[in-house]
Amino acid sequence: MSAIKISPSILSADMANLARDLDRISCADYIHVDVMDGHFVPNLSYGTAIVKACKSTTDIPLDVHLMISNPDDTVDWYIDAGADLITVHYEASTHLHRTICHIKDRGCKAGVVLNPATPVSVLEDILDDLDMVLLMSVNPGFGGQKFIPRTLDKLRRLSAMCREHGVNPLIEVDGGIGSGNAEEVAAAGATVLVAGSAVFGASDPAAAVEAIHHAGELGYAKIGA
Ligand code: DX5
Ligand code: ZN
């Protein structure tokens, strides 16, 4: 089993041909579904209908990234729609512990997302409860942005924090990732790599997933080497 997982973001897929695009990335480990509410982030994407559509089309686990204010109000909708893993933003949550416990009680995996300016130290008292930590490597809201290099140091600090706590959540990174930087991102501690434009903007999306995966595995091999 590979240490590195790839989660293509359908934000860059062709929504008029979603089933075809999902079929093209059948080698992926997760499908990353970016839900944007036009309030927490300055963009509106899609909601439960697309989660349901993915669920009816693929067996690949759905990694649902909620870029929404007050996730407590609607998180159940996404669980009911078929999400396998849900991440909520630290910056958007008032009762984060309650939200995470609720998602897990409903049989779904749960994670917390941090924006680029939010330090990993805010996870100190929630880390032990998480299945995933997602570090944004761009400001959320749009695909096709440039990777923020400081994320690498943040990944290393998060990995050290996980070791100190004796926990091993999935560590996901989202934004500006492709085969050109997947190696350094994985070497810094990421285990799940999100890629939107680098996958669906490629002429062969499956080959793009494989290339990012291969680069990520090279980076993972450097850890502890
Ligand atoms: C940004 C989204 C990302 C985005 C990544 O707000 O959370 O998942 O789709 O797109 P790329 O890989 O193009 O940066
Ligand atoms: Zn995302």
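**Figure 1. Ligand 1 and the residues around it in the predicted model.** In this predicted model, ligand 1 is surrounded by 20 residues. The closest of them are Asp34, Gly141, Asp174, Gly196 and Ser197. By class, the shell around ligand 1 holds 10 polar residues, eight nonpolar residues and two charged residues.

**Figure 2. Polar atoms of the protein beside oxygen atoms of ligand 1.** Three residues are shown in this view, each with the distance to an oxygen atom of the ligand.
- Histidine 32: a polar atom of the side chain lies 3.4 Å from an oxygen atom of ligand 1.
- Glycine 141: a polar atom of the backbone is 2.7 Å from an oxygen atom of ligand 1.
- Serine 197: an N or O atom of the side chain is 2.5 Å from an oxygen atom of ligand 1.

Ligand 1 taken alone exposes 380 Å², and the protein buries 100% of that area.

**Figure 3. Ligand 1 in the second largest pocket, with the elements of its shell.** The second largest pocket is where ligand 1 sits. Two or more residues of the shell around ligand 1 come from each of β2 (31–36), β3 (62–67) and β8 (192–195). Of the elements, β2 gives the most to this shell, with three residues.

**Figure 4. Lining of the second largest pocket.** The volume of the second largest pocket is about 230 Å³. Its lining is made up of 25 residues, and Phe142, Gly143, Gly144, Asp174 and Gly175 lie nearest the centre. The elements that give two or more residues to this lining are the strands β2, β3 and β8 and the helix α7 (197–200). The lining of the second largest pocket divides into 12 polar, 11 nonpolar and two charged residues. Asp174, one of the residues nearest the centre of this pocket, is also among the closest residues to ligand 1.

**Figure 5. Lining of the largest pocket.** The largest pocket has a volume of about 480 Å³. It is lined by 20 residues. Nearest its centre lie Asn168, Ile171, Gly189, Thr191 and Tyr220. At least two residues of the lining come from each of α5 (151–165) and β7 (170–174). With five residues, α5 supplies the largest share of the lining of the largest pocket. Of the lining residues, 12 are nonpolar, five are polar and three are charged.

Note on methods
Residues numbered from 1 in each chain as written. Chains lettered and ligands numbered in written order. Predicted model: local features only at pLDDT ≥ 70, side-chain atom pairs only at ≥ 80, totals over all residues. Heavy atoms only, no water. Near = heavy atom within 4 Å. Polar contact = N/O pair within 3.5 Å; in protein donor to acceptor, adjacent residues only side chain to side chain. Areas by Shrake-Rupley, 256 points an atom, 1.4 Å probe, with all protein chains shown as cover. 1 Å grid on protein atoms, 1.4 Å probe; cavity = no way out; pocket = protein on both sides within 12 Å on 5 of 7 lines; lining within 4 Å. Sits in = over half its atoms within 2 Å of the grid points. Helix = DSSP H or I, 4+ residues; strand = E, 2+ residues; numbered from the N terminus. Nonpolar A, V, L, I, M, F, W, Y, C, P; charged D, E, K, R; others polar. Points joined across faces, edges and corners; volume = space filled by probe spheres on them.
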